[in-house]
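Biologist: Hi! Could you walk me through this one? I'd like to talk about helix packing and then pockets.

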Amino acid sequence: MSEEKSLNFIEEIIEADLASNNCASISTRFPPEPNGYLHIGHSKAICLNFGLAAKYGGTTNLRFDDTNPVTEETEYVESIKEDIKWLGFNWTNELYASDYFDNLYAFALELIEKGLAYVDDSTSEEIALLKGTPTEPGKPSEFRSRSIEENRTLFTEMKNGVYKDGEKVLRAKIDMVHTNMLMRDPIIYRIKHAHHHRTANKWCIYPMYDFAHGQSDSIEKITHSICTLEFIPHRELYEWFIEKLNIFPSRQYEFARLNMTYTVMSKRKLLQLVNEGYVNGWDDPRMPTISGFRRKGYTPLSIRNFCEKIGVARRENMIDLSLLEFCLREDLNVTAKRVMAVLDPIKLVITNYDADKTEELTAENGPDEAMGTRTIPFSNTLWIEREDFMEVPAKKWFRLAPGSVVRLKNAYIVKCESFEKNDNGDISTIYCTYYPESKSGNDTSGISVKGTIHWLSAAHAATAEIRLYDRLFKVENPSAEEGDFKSFINPDSLTIIPKAYIEPSLTKVDLEERFQFIRKGYFCLDKDSTPEKMVFNRTVTLKDTWGKIAD
RNA sequence: UGGGUUAUUGUGUAAAGGUAGCACUACAGAUUUUGAUUCUGUCUGUCUUGGUUCGAAUCCAGGUAACCCAACCA
């Protein structure tokens, strides 16, 4: 028996459409506005749209919803394309709503000819006032009854640049007392004497979202136009235009957007974090942007798996950050090369090991034997992690303490004989003896140890700056807290270790490589690295059972 | 005081009138030259009140709660 994976509600709709021959094949689109960087919430929409088309043998267009020239820039177009490609998706066509400005203009004219659109000279305030409120009906504007001829002339003049910004708008003539505010004669064209990133100065009137989106879907013969819940009220308008214009009937379906704990997702808030210097740009590894996750060391597969696991439904959700981290570790655990690094060093001297001697020891690169091995230098003076020694050991302490034995990973078992403190009372050096017959790989010592720690030969270790990232916010849902969301920023979201020790093998790595610094977490090279100074980012920690016990 | 949408364990998500399942988290144990991984196990749930039915998360009626809608933004 093959186990049947249950379908999400959109898949059910698609399968029903396909089965009933409602459509021969499906076509979806991902329609970002190029006014900012993509974030993890967008990846849910990307995986959904591209994933659905792939599953049912359809197509997916990338369409930039660029109907507002004042907020949109080519820089964003480029970053969006890069992010989608990085996630591993290929679009069928790269399109722009601005490609359809001529069509859209013709549609507007058609509505005017049908008596379904009119030019309104009212100010923005007057229009808002007459629109009513959700609980009070709207009233018609004095310009609502203009003749078709007059509307045609006026709209043509709007297009020809006769009027200034805000002087006139084109409105659909629907119903001023409709319970859906969006149906109360929505504005469909406004005047903006602004430079557009693609059409330059060709136009001074631009269609509104509602007049562009559905028709663009229709022109592209998109069968399933998938968007987020807040567009539910727009669906009625979306269908109204398609019906009145009698064009290809694309259908809109809505799903709940992704929310995640310990971060914010709104473009407005992310922009504030960047502009007000709380983070260092859109690709700061603490940002929930795709570029931020990429720089932090996340893999495309981990994000795709995450989007698969969170599911698709219509109820509000708040996904645990831990699920994303689980998907990340799941991937990295099998792909990341194991290496050693000491972030907070303390010196360990092996008193019975020849001070002039260096040994090349063999270490496995990963759990999969196919990843091979490498050699690492060993000598009598090592760096180990300060937290791996306790002068007075706690209960269940497996690591180093006076008189205790531990294994040095890939090397020998050592016994702590004594230690020294500096003037501040901090431990400066630990003295050990080693068991020559306990060498990793052919241990004949018969000694069993509870703990294994990582180390680096002091004479051979290279150095690097290491950046440790923690969650950006102290609270699960900063947007739901009283007061400014920025007051909940975690002050320790970034810890910089200016000089940590790393294996000499790490001096030649590139940006795409992923590492597990054994016992410390997953790391990758940061783009700030120079030949003089390497910089590593911590992608995510390892799960830490001991840390919980110690607390 | 309007309209729309949604309610299943701590978090997500299944169950299309018939055993409330799966994943994450948490906790416990086994294995481990990473206190990682892996493996095993445990915990907690159908918003509420009625009704229909042999049987209801599911159907019906009434409550309640949350979210969205009054940009010339998308």
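Biologist: At what angle do the axes of helix α4 and helix α8 cross?

Modeller: Happy to help; bear in mind that this is a predicted model. The axes of α4 (residues 101-113) and α8 (residues 232-245) cross at roughly 75 degrees and come within 10 Å. Angles from 65 to 115 degrees count as roughly perpendicular, so that is how α4 and α8 lie to each other.

Biologist: Nice. Which residues meet there?

Modeller: From α4 you have Phe107, Glu110 and Leu111, and they meet Phe241, Lys244 and Leu245 of α8. By class, that contact has four nonpolar and two charged residues, with no polar ones.

Biologist: On to pockets. What volume does the largest pocket have?

Modeller: About 950 Å³. It is lined by 38 residues, and the closest to its centre are His42, Glu230, Phe231, Arg257 and Lys267.

Biologist: Which element gives the largest share of that lining?

Modeller: That's α2, with four residues. By class, the lining of the largest pocket has 15 nonpolar, 14 polar and nine charged residues.

Biologist: And where does the largest pocket lie relative to the domains?

Modeller: Between domain 1 (9-257) and domain 2 (267-337 + 464-540), because both give residues to its lining.

Biologist: What about the second largest pocket, what is its volume?

Modeller: About 590 Å³. Of its 26 lining residues, Leu321, Glu325, Asp470, Arg471 and Val540 are the closest to the centre. Helix α12 gives the largest share of this lining, four residues.

Biologist: How many charged residues are in that lining?

Modeller: Nine, alongside twelve nonpolar and five polar residues.

Key. Residues numbered from 1 in each chain as written. Chains lettered and ligands numbered in written order. Predicted model: local features only at pLDDT ≥ 70, side-chain atom pairs only at ≥ 80, totals over all residues. Heavy atoms only, no water. Axes fitted to C-alpha atoms, helices over the stretch in contact; angles between N-to-C directions. Helix = DSSP H or I, 4+ residues; strand = E, 2+ residues; numbered from the N terminus. Parallel < 35°, antiparallel > 145°, perpendicular 65-115°, else oblique. Contact = heavy atoms within 4.5 Å. Nonpolar A, V, L, I, M, F, W, Y, C, P; charged D, E, K, R; others polar. 1 Å grid on protein atoms, 1.4 Å probe; cavity = no way out; pocket = protein on both sides within 12 Å on 5 of 7 lines; lining within 4 Å. Points joined across faces, edges and corners; volume = space filled by probe spheres on them. Domains from an automatic or database assignment.
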